[in-house]
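Got the viewer open? Here is a short tour, one selection at a time.

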Amino acid sequence: MAGAALPGRLNWQLARVVEVRRETATAKTIVLDAPDWVGHRAGQHVDIRLTAEDGYQTQRSYSIASAPEDTQLILTVEEIGDGEVSPYLAEELRAGDELELRGPIGGYFVWNGNESGPLQLFAGGSGVVPLRAMLRHRAATSNTTPARLVYSARTLEDIIYREELTDPTSDVDVQLALTRSWPEDWTGHRGRVDDALLDSATWPANEAPVIYICGPTGFVEAISRQMVARGHAPGRVKTERFGPTA
Amino acid sequence: MPPGQYVTLDFPVLSAGPTPRPHLDDWSFTIDGAVESAVTWTWTELMRLPAETVTQDIHCVTKWSKLDTTWRGVSLDLLFDGVTTTGAYLTAWSDGGYTTNLPLADVRDGKAWVAYEFDGQPLAPEHGGPARLLVPHLYFWKSAKWVRGLTLTVDDEPGFWEGYGYHNYGDPWREQRYQGD
Amino acid sequence: MEDFTVDGNALAGALAQYMGRDVSADQGTCGHCGAPSMIAELVVYPKAPSPVARCPHCGDVVMVVTEIRDTVTVHMNRYAM
């Protein structure tokens, strides 16, 4: 087959769930074993197709949470109450379950590490997943590109990979913004991402950062508008919209 | 249960576009096309017509079925009373541009309604409110949300999903999901 | 209740299966309003029998991607690439 010439697998392939672990009350990490996996780039996603015994079928895109250098292929998925709960998915997906996977895909929302300019990341809720893959790739390749992450979530308990992202030995500047509630002694940002946070946590347009914004549609559009309004070239602002505002 | 369906207790929202939100003052329902003369009802006029409460199972082409759903609306038999037509088919059309086609026979004889209440409450916008077509014996894409009229046609004219490879008729009991089924 | 939309990135997999390559960064022109957009920027309604992509400028349908009996068909009747 002409597999070598094509960027990754373009057809559905079988994958097995190796492990499922809970990250937050609404997010879980799924470790997959895909025998035909060709590797991926940070920021890419896969399409997942699940068929349950009762006929229920779901197909959704999930960003890859692992770096290309990680030994395991990992997805982190948020369970949103969107009226599509089926008896099958209401239970935890279990190790040993089989599903179909297509990808990796997405050449647009990718950070390889050789792009010009510092790396500016904005995550809304589970939008942190592909950005986390980028940061892991940066660390795994000892890349010294300056990197900043602004991560907005409802509460502290909704922050995924909190320990990893707030590691004091990391050279990534991470700002957490909690929009719904925060601890009394919270020193991070309180409320939605606003001008003050953008002033302190982002590079100005003349530093020409490459900007990745991922999360609910409303969040992505608001941040994207603000960054363009601050003079960043639209071509430097890359977006991936996951769904409605939680 | 029709073949290939599973029962859900939810009411999934499927949509091809933004939810229309018309003002009831501007709303009307029209039967036109291959008819002797078109008829139209304002919202107020629709609300004055005798309505029925019906309990039906509904079946979506995406495989979920919802049993014993309760609707209130006006029977199409009543709306077609007095309408003279040479058309054997119709295209239902909606706010937002959605269309679906049906044989006229499939909306007569107690098989179809313009429904404006679900489960005893005004039909929610995401489920097709203020009013939707209700044709429960066919896959639910035929029950056009946000319906504003039926255009009678001499020839069968594929609607939105029918034009993209979905079955022209859509009988869940013969599992007619896609063209060629 | 907000409309559930994602963007054209969600179609990249099906489009790649159909076209043989990743087209998310490709530009196209809306057949209704003439405005240009990147595939990644299309407004996609994923909760439909098949995903429907609309022009981010005028909102009209530009693309429908069906996966019927394991065959991906990209109906791109209103989008010029």
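Start with chains B and C: 16 residues of chain B are in contact with 16 residues of chain C. Color the chain B side by class and you'll find 10 nonpolar, 5 polar and 1 charged residues. Bear in mind as you click around that this is a predicted model.

Now swing over to where chain C meets chain A. Here chain C puts in 18 residues and chain A puts in 22 residues. On the chain C side, select β1 (6-7) and α1 (12-19), the elements that each give two or more residues. The largest share, 4 residues, comes from α1(C). Try the class coloring again: this side of chain C splits into 7 nonpolar, 6 polar and 5 charged residues.

Stay on chain C and show its strands. In what order do the 5 strands of the open sheet run? Going across, it's β1-β4-β5-β6-β7, with antiparallel pairing. Look at the edges next: β1 and β7 (71-75) of chain C each have a single partner strand, so one side of each has no neighbour in the sheet. As a reminder, strands in a sheet pair through backbone hydrogen bonds, either parallel or antiparallel.

Zoom in on β1(C). Its link to β4 (residues 43-45) of chain C is made by 2 bridges, and the two strands run antiparallel. Pick V6(C) and then look in β4(C) for its bridge partner, V44(C). Then bring α1(C) back into view: this helix lies across β6 (61-68) and β7 of chain C, at about 100° to β7(C).

Next stop, the nonpolar interior. The largest nonpolar core has 121 residues, and the members that touch the most others are L131(A), L149(A), Y151(A) and V114(B). Select helix α2 (residues 128-140) of chain A too, as it gives the most to this core, with 6 residues. In soluble globular proteins, nonpolar side chains tend to be buried together.

Center on Y151(A). Leaving out residues up to four places away in sequence, Y151(A) touches A123(A), V128(A), I159(A), L165(A), V174(A), L176(A) and A177(A).

Last, head for D70(A), in the loop between β4 (57-63) and β5 (73-78) of chain A. Is D70(A) buried, exposed or partly exposed? It has 14 other C-beta atoms within 10 Å, so D70(A) counts as partly exposed; the buried class would need 20 or more, and the exposed class 12 or fewer. To finish, draw a distance from D70(A) to H189(A): these residues are 119 apart along the chain, and their C-alpha atoms are separated by 31 Å.

Technical notes
Residues are numbered from 1 along each chain as its sequence is written. Chains are lettered from A and ligands numbered from 1 in the order in which they are written. This is a predicted model: local features need pLDDT of at least 70, side-chain atom pairs count only at pLDDT 80 or more; totals for chains, interfaces and linings use all residues. Two residues are in contact if their C-beta atoms, placed from the backbone, lie within 7 Å. Ala, Val, Leu, Ile, Met, Phe, Trp, Tyr, Cys and Pro count as nonpolar, Asp, Glu, Lys and Arg as charged, and the others, Gly among them, as polar. Two strands pair if DSSP finds at least two bridges between them. Axes are lines fitted to C-alpha atoms, for helices over the stretch in contact, and angles run from 0 to 180 degrees between N-to-C directions. A nonpolar core is a set of buried Ala, Val, Leu, Ile, Met, Phe, Trp, Tyr and Cys residues joined through C-beta atoms within 7 Å.
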